[in-house]
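The following exercises guide a new reader through one structure. Please attempt each task before reading its solution.

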Amino acid sequence: MLPTEAFGIEGLNAIQQRVIAIFVWAACMWIVEAVPAWTTSLLIIVIMLLTVSDSAITPLISGFDKSELMSYKTIMNTFANPTVMLFMGGFILALVASKSGVDVSMARAMLKPFGSKPNVVLFGFMLVTAVFSMFVSNTATAAMMLTFLAPVLRQLPPTERGTSALALAIPIGANIGGLATPIGTPPNGIALQYINGELGLGVDFSEWMMVMTPLMLAILVISWILLRFMYPFTAKKVNMHIVGGAKKGWRTYVIYGTLAVTILLWMFEKVTGINSYVVALFPIGVFAITRIIKSSDLKDIDWACLWMVAGGFALGEGMSKTGLADNLVQAIPFDSWPAIIVLLGGGLICWTLSQFISNSAATALMVPIMVAVGKGIEGPLGEYGGIGTLLVGVAMAASFAMSLPISTPPNAIAYSTGLIKTKQMFTTGMIVGVISLIIGYILIIAVGRMGYFG
């Protein structure tokens, strides 16, 4: 409803103004959560189709040049985006592993070497949770690992302070573990889509892992030391007993084999020439043809997450295809801002937002803006690795937001056990988050300067 001149953006047209309105509306809805986050994302696509596309309501686009409008196919294609397919492949792998009991067998085998010493068991839970979160949703991982933790906690006396350490280890491991792979958490996929799509920088699955896996392990070790210091154990021994496991039969061998082949194909993308998005469809094909998954299983896919990611991409396409991003770059003197302030500020804003809204929503809001900002300071930003480093920083920061029960689903799940107080979660989450941001930015700036993200 505002006059176009009120925005202070030279060359702004009515279509671009509508995109701004949709963006602001989406931000408000994601923050106040008047409706579920995925609903807002779905409505972004619907509203854009009806108001800014070449198939919009006729009275709303009459008199506009067709070049100012977005193609309706471009908007609809956001749900068939390769990154959405990448996450779908990950969800299918997680679904099959859970359905068959393979995840329980793997967890038992991975936890066995950590014995019964409390501090070693604590690290074991953190590490195994993180490894699962690299390929399985952090929500599902946290729920599964807390189930395994229950019998361990029952052995400990009510006065045992180490109980809080064990309970906090699960959300920390789940949140940090997702950082290590492009499919570990939606913010990674959102950032990578822009890095490889709009920017065409070509960072593949294994290259992401080579940088982020050491970072993830370093943060896990620091978090483990912190938990040992803040919540020391008095017990000398804890025993683990994990019930259940993989079902016997040929299907289990197919699942193990498919899981192994998929991960190897992801890691050796440069050797095989098959990109990670195509690889994601391989397990879906295998499990469908062998009837390991059936049509009834598809309802268990996290469709809400897929719509969440697609809505974020639609916002980005709206800013890019309507020319709004270019106008923003010209209207705001980004080139006069110190590049390091923009680099660190983007991550800090996303980290703060992610404490209160979903990290996917925060990243979906921040990444399109940071792409526009990055283009405005492309020269000075080159000293730190370019726009790629900027976007990786934003995605990374989203994973470090874990101070409140509402910050992430793993936090909420852990808090619901009644073993953690809000003050404990806030204190631990803030300390881990700040340390992670410092170490993370030191690492990505260092590798960015070597041209890793550019």
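Helices are DSSP runs of H or I with at least four residues, and strands are runs of E with at least two. The model examined here is predicted.

**Exercise 1.** Determine how many helices and strands the chain has, and establish whether the chain is as compact as a globular protein of its length.

*Solution.* Step one is the count: the secondary structure consists of 23 helices and zero strands. Step two is the comparison with the globule rule, which gives 22 Å for 454 residues. The radius of gyration of the chain is 23 Å, close to that value, so the chain is as compact as a globular protein of that length. As a supplement, the C-alpha trace spans about 75 × 50 × 45 Å along its principal axes.

**Exercise 2.** Describe the burial, the contacts and the surface of the chain.

*Solution.* A residue counts as buried when its relative accessible area is under 20%. By this criterion, 56% of the 454 residues are buried. Next, consider the contacts with a separation of 6 or more: 77% of them join residues 24 or more positions apart. Finally, the accessible surface amounts to about 18900 Å², and carbon and sulfur atoms contribute 67% of it.

**Exercise 3.** State how many positive and negative side chains the chain has and how far apart the centres of the two sets lie.

*Solution.* There are 24 positive and 20 negative side chains. The centres of these two sets are 23 Å apart.

**Exercise 4.** Find the number of aromatic pairs in the whole structure, then analyse the pair Phe87 and Phe91 and the pair Phe205 and Trp266.

*Solution.* The search yields five aromatic pairs. One of them is Phe87 and Phe91, with 6.3 Å from centre to centre and 40° between the planes, a tilted arrangement. Both residues belong to helix α5 (residues 82-100) and are four residues apart, about one turn of the helix. Phe87 and Phe91 are both buried.

Phe205 and Trp266 form a stacked pair, with centres 4.8 Å apart and 5° between the planes. This pair links distant parts of the chain, since Phe205 lies in helix α11 (residues 205-230) and Trp266 in helix α12 (residues 250-267), 61 residues apart. Phe205 and Trp266 are likewise both buried.

**Exercise 5.** Is Ala107 buried or exposed?

*Solution.* First, locate Ala107: it is in helix α6 (residues 102-111). The cut-off for burial is under 20% relative accessible area. Ala107 has a relative accessible area of 0%, and is therefore buried.

Conventions. Residues are numbered from 1 along each chain as its sequence is written. This is a predicted model: local features need pLDDT of at least 70, side-chain atom pairs count only at pLDDT 80 or more; totals for chains, interfaces and linings use all residues. Side-chain values use heavy atoms; hydrogens and water are left out. The radius of gyration is taken over C-alpha atoms; the globule rule is 2.2 Å times the number of residues to the power 0.38. Buried means under 20% relative accessible area, exposed over 50%, partly exposed in between (1.4 Å probe, protein chains only). Contact means heavy atoms within 4.5 Å. Accessible areas come from the Shrake-Rupley method with a 1.4 Å probe; for residues, only the protein chains shown count as cover. Lys and Arg count as positive and Asp and Glu as negative; His and the chain ends are not counted. The place of a charge is taken as NZ of Lys, CZ of Arg, CG of Asp or CD of Glu. Rings of Phe, Tyr and Trp (its six-membered ring) pair if their centres lie within 6.5 Å; planes under 30 degrees apart count as stacked, over 60 as edge-to-face and the rest as tilted.
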